[in-house]
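The following exercises are meant to be worked through with the sequence and the coordinates side by side. Each task is followed by a solution that proceeds step by step.

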Amino acid sequence: MRILYQGDIFADYFQLYLRDEAYSELPDDYTDESIARCLMAGPTGIIVHTARNMSVPVRVEWHDQRLASDLDAFQHVVEAGFSCPTGQIVLAGMTDDVTTSPRLSAKAGPLGVRISLSGLDTLSEDGLDGEDQYLVQLWPESELLPVQVLKAWPAT
């Protein structure tokens, strides 16, 4: 396992994204279902829906292969896939300046991604404060995985 990023990302509009550096197109299939899943996947990028419209802690990990999911440690877990032709991923909030956003190195080709959320029950009444955390795990895949919720948080 290799940590590609650990820090805060401003989740403006309750969203952050990962996409191939050369492809700016993001998924746009906003539905109640896609928001409840907390993940939208497109051909070359994903959007993660967050619990807060604030800076949130994000950790991105690279794994050489798909790992077993630890459902007990998280409140919401969802998987999908996207293609990363260049092997370079942009991590950003929806209104971040993409030229200064973190670049993460991955293996070029189809990637699996698992988003695991915790601390969803710690949000303040106004939704501005909380201990919510977002773990993004990436690994090489042979084909694009469809979006699949492994564990759903009832309040999402």
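**Exercise 1. Determine how many salt bridges a search of the whole structure finds, and describe the one formed by arginine 52.**

Step 1. In this predicted model, a search of the whole structure finds 6 salt bridges.

Step 2. Arginine 52 has aspartate 132 as its salt-bridge partner, and the closest N and O atoms of the two are 2.6 Å apart, which lies within the 4 Å that the criterion for a salt bridge requires.

Step 3. To place the pair in the chain, note that arginine 52 belongs to the loop between S4 and S5 and aspartate 132 to the loop between S9 and S10, so that distant parts of the chain, 80 residues apart, are linked.

Step 4. Buried means under 20% relative accessible area; arginine 52, with 6%, is therefore buried, and aspartate 132, with 0%, is buried as well.

**Exercise 2. Which residues are linked with Glu79 in a network of salt bridges, and how accessible are glutamate 79 and arginine 66?**

Step 1. The network of salt bridges consists of Arg66, Glu79 and Arg114.

Step 2. Within this network, the side chains of glutamate 79 and arginine 66 meet with an N to O distance of 2.2 Å. Because glutamate 79 lies in strand S6 and arginine 66 in the loop between S5 and S6, the pair ties together parts that are 13 residues apart in sequence.

Step 3. Glutamate 79 has 2% relative accessibility and counts as buried, whereas arginine 66, at 42%, counts as partly exposed.

Step 4. A further salt bridge can be examined in the same manner: the side chains of arginine 59 and glutamate 61 meet at 2.8 Å, N to O. Here arginine 59 is partly exposed at 25% relative accessibility, while glutamate 61 is buried, with a relative accessible area of 8%.

**Exercise 3. Establish the strand order of the open sheet of 6 strands and of the open sheet of 5 strands, and identify the edges of each.**

Step 1. The sheet of 6 strands is open, has mixed pairing and follows the order S1-S5-S10-S9-S6-S11. Its edge strands are S1 and S11 (148–151), each of which pairs on one side only, and the twist from one strand to the next averages 25°.

Step 2. As an example of pairing in this sheet, S5 (residues 55–62) and S10 (residues 133–140) run in the parallel sense and share 5 bridges, with leucine 138 in S10 as the bridge partner of tryptophan 62.

Step 3. The open sheet of 5 strands has antiparallel pairing and the order S3-S4-S2-S7-S8. S3 and S8 (103–105) stand at its edges with a single partner strand each, so one side of each is left without a neighbour in the sheet. On average, neighbouring strands here are turned by 20° against each other, direction ignored.

Step 4. Between S3 and S4 there are 3 bridges in the antiparallel sense, and methionine 40 has isoleucine 47 in S4 as its bridge partner.

**Exercise 4. Which residues of the largest nonpolar core touch the most other members, and what surrounds isoleucine 89?**

Step 1. The largest nonpolar core has 30 residues, of which Leu18, Val58, Val60, Ile89, Ile115 and Leu138 touch the most other members. Elements that give two or more residues to this core include S1, S2, S5 and S10.

Step 2. Apart from this core lies another, of 6 residues, among them Tyr17, Leu26, Met40 and Ile47.

Step 3. Isoleucine 89 is located in strand S7 and, at 0% relative accessibility, counts as buried. Leaving out residues up to four places away in sequence, its contacts include Leu18, Phe82, Leu104, Leu111 and Leu138.

**Exercise 5. Where do phenylalanine 14 and cysteine 38 lie, and is each buried or partly exposed?**

Step 1. Most residues other than glycine have a negative phi. Phenylalanine 14, however, has a positive phi of about 60°, and cysteine 38 has a positive phi near 70°.

Step 2. Phenylalanine 14 lies in the loop between S1 (2–10) and S2 (15–20), and cysteine 38 in the loop between helix H1 (32–37) and strand S3 (39–41).

Step 3. At 40% relative accessibility phenylalanine 14 counts as partly exposed, whereas cysteine 38, at 4%, counts as buried.

Key. Residues are numbered from 1 along each chain as its sequence is written. Side-chain values use heavy atoms; hydrogens and water are left out. Helices (H or I, at least four residues) and strands (E, at least two) are DSSP runs, numbered from the N terminus. Buried means under 20% relative accessible area, exposed over 50%, partly exposed in between (1.4 Å probe, protein chains only). Two strands pair if DSSP finds at least two bridges between them. Axes are lines fitted to C-alpha atoms, for helices over the stretch in contact, and angles run from 0 to 180 degrees between N-to-C directions. A nonpolar core is a set of buried Ala, Val, Leu, Ile, Met, Phe, Trp, Tyr and Cys residues joined through side-chain atoms within 4.5 Å. Contact means heavy atoms within 4.5 Å.
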